[in-house]
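Student: I should like to learn how to read the features of a structural model. May we work through one together?

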Amino acid sequence: MATNTIDHAFTARSKTGGALEPTYSGALSFMRRKYTKDVKGADAVVWGIPFDAAVTNRPGARFGPQAIRRASAILDNDPQYPFSRDLFEHLAVVDYGDCLLDSGNHQKTPGTIEREAAKILKSGAFLLTLGGDHFVTWPLLKAHAAIHGPLALVQFDAHQDTWPDDGKRIDHGSFVGRAVKEGIIDPDRSIQIGIRTHAPDTFGIKILHGHEIEEMRASDIAYAIVDRTGGKKTYLTFDIDCLDPAYAPGTGTPVSGGPSSAKILSTLRQLNQVDIVGADVVEVAPAYDHADITAIAGSMVAMQYLGLLAERKARLEELNNGNHNGATVNHGNGI
């Protein structure tokens, strides 16, 4: 116990290194990362957006960031499975806290999110966002596209989110169609996984429906994603209702017939060939959860992103160390 610490989220002296504190106590940042607004030197920044005014069914996703952080405490300490490494030995990650929103003026919300995201991205760090309902992905996409240009979108979801939109709606069910129309995402390089509802328009995005992925192996799903994105800069958004309600009951619009958390986590594990430049986990609504099932799944999805990022950094360091000319190879901050 002499080497252990408590409240690592506040007492940490470095952006790297595990917390080594009891999982059942202490300040609950995401995976015990240091709480700070100083992102200098960070490889990745975890950020919460507690917003759910865009839902069309059950509210409550504004409590998602809190729930995911709480569930993530158990993921620290031991080498993170299935990556067989301490993700934070060399990967510098901070928890930036939450986005401050005006709860009485929702029309200001997208601009507030976009500006704060742009500020974080300017540092060069990878931005991992915890929602919030799925509308928050719209301003996040805009902020990332401002840097990388039109993005490939990989969307794990039970819903297409392509319903009619006038460009002004605060709606979690129409932002994907808006992003296509405004040139934020490239539909020819985008794919949706787990869809179990119908919308009037696909906008040319490839769809793997729920019944299709039920018959597919995780490796087949991963291959379809790699093939579709084709090396393009990619934003990955994960609506927790992609999972069957048996594995994620705590969400606003659950749809039966979805995949297991095991299959989808295995799929994510195999996406190291996708150039992911930003990611989120959204629609965790803990009021409808049981024994933190949904929050645990959400925290595992978020951890997978960091695992892929840690492996990416390790590969680049090995490449740079093996460069006989001594030059540094820079491949950006994507996964």
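Student: Is histidine 159 buried or exposed?

Tutor: The judgement rests on relative accessible area, and a residue counts as buried when that value is under 20%. This model is predicted, and in it histidine 159 has a relative accessible area of 15%, so it is buried. Histidine 159 lies in the loop between strand 5 and helix 5 (175–181).

Student: Which residues is histidine 159 in contact with, leaving aside its neighbours within four places in sequence?

Tutor: Its contacts beyond that range are Ile195, Thr197, Asp241, Thr253 and Val255.

Student: How should I read the annotation "binding site"?

Tutor: Such annotations may be inferred rather than shown by experiment. Here the unreviewed UniProt entry assigns "binding site" to His134, Asp157, His159, Asp161, Asp239 and Asp241. These residues span 108 residues in sequence, yet no two of their C-alpha atoms are more than 12.5 Å apart, so they gather at one spot.

Student: Where is aspartate 161 found, and is it buried or exposed?

Tutor: Aspartate 161 is also placed in the loop between strand 5 and helix 5, and with a relative accessibility of 7% it counts as buried. The side chain of aspartate 161 makes a polar contact of 3.3 Å with the side chain of histidine 134. Leaving aside neighbours within four places in sequence, the residues in contact with aspartate 161 include His134, Gln155, His172 and Phe175.

Student: What is the order of the strands in the sheet?

Tutor: Strands of a sheet pair through backbone hydrogen bonds, either parallel or antiparallel. In this model an open sheet of 9 strands has the order 1-3-2-4-9-8-5-6-7, with parallel pairing. Strand 1 (34–35) and strand 7 stand at the edges with a single partner strand each, so one side of each has no neighbour in the sheet.

Student: How many bridges join strand 1 to strand 3?

Tutor: The two strands run parallel and are joined by 2 bridges; lysine 34 has valine 94 as its bridge partner in strand 3. Strand 3 (residues 93–98) also pairs in the parallel sense with strand 2 (residues 44–49), over 4 bridges, and there alanine 44 has valine 93 as its partner. Of the 6 residues of strand 3, 5 are buried. Elsewhere in the sheet, strand 8 and strand 9 (residues 276–282) pair in the parallel sense over 6 bridges, with alanine 279 in strand 9 as the bridge partner of leucine 236.

Student: Which residues touch the most other members of the largest nonpolar core?

Tutor: In soluble globular proteins, nonpolar side chains tend to be buried together. The largest nonpolar core has 55 residues, of which Phe156, Phe238, Tyr305 and Leu306 touch the most other members. Helix 9 (residues 293–321) supplies the largest share of this core, with 11 residues. Apart from that core lies another, of 37 residues, including Ala54, Cys99, Val176 and Val180. Beyond its neighbours within four places in sequence, tyrosine 305 is in contact with residues that include Leu128, Leu236, Phe238 and Ile335.

Student: Why does the length of helix 7 agree with what is expected?

Tutor: The expected span is 1.5 Å times one less than the number of residues. For the 12 residues of helix 7 (residues 218–229) this gives 16 Å, and the end C-alpha atoms are 17 Å apart, which agrees. Among the buried residues of helix 7 are Ala218, Ile221, Ile225 and Arg228. Their cover includes strand 5 (152–156), strand 8 (234–239) and helix 8 (261–269). Just after helix 7, glycine 230 takes a positive phi of about 55 degrees.

Technical notes: Residues numbered from 1 in each chain as written. Predicted model: local features only at pLDDT ≥ 70, side-chain atom pairs only at ≥ 80, totals over all residues. Heavy atoms only, no water. Core = buried A, V, L, I, M, F, W, Y, C linked by side-chain atoms within 4.5 Å. Buried < 20%, exposed > 50% of the residue type's maximum accessible area, 1.4 Å probe, protein only. Contact = heavy atoms within 4.5 Å. Polar contact = N/O pair within 3.5 Å; in protein donor to acceptor, adjacent residues only side chain to side chain. Pairing = 2+ DSSP bridges.
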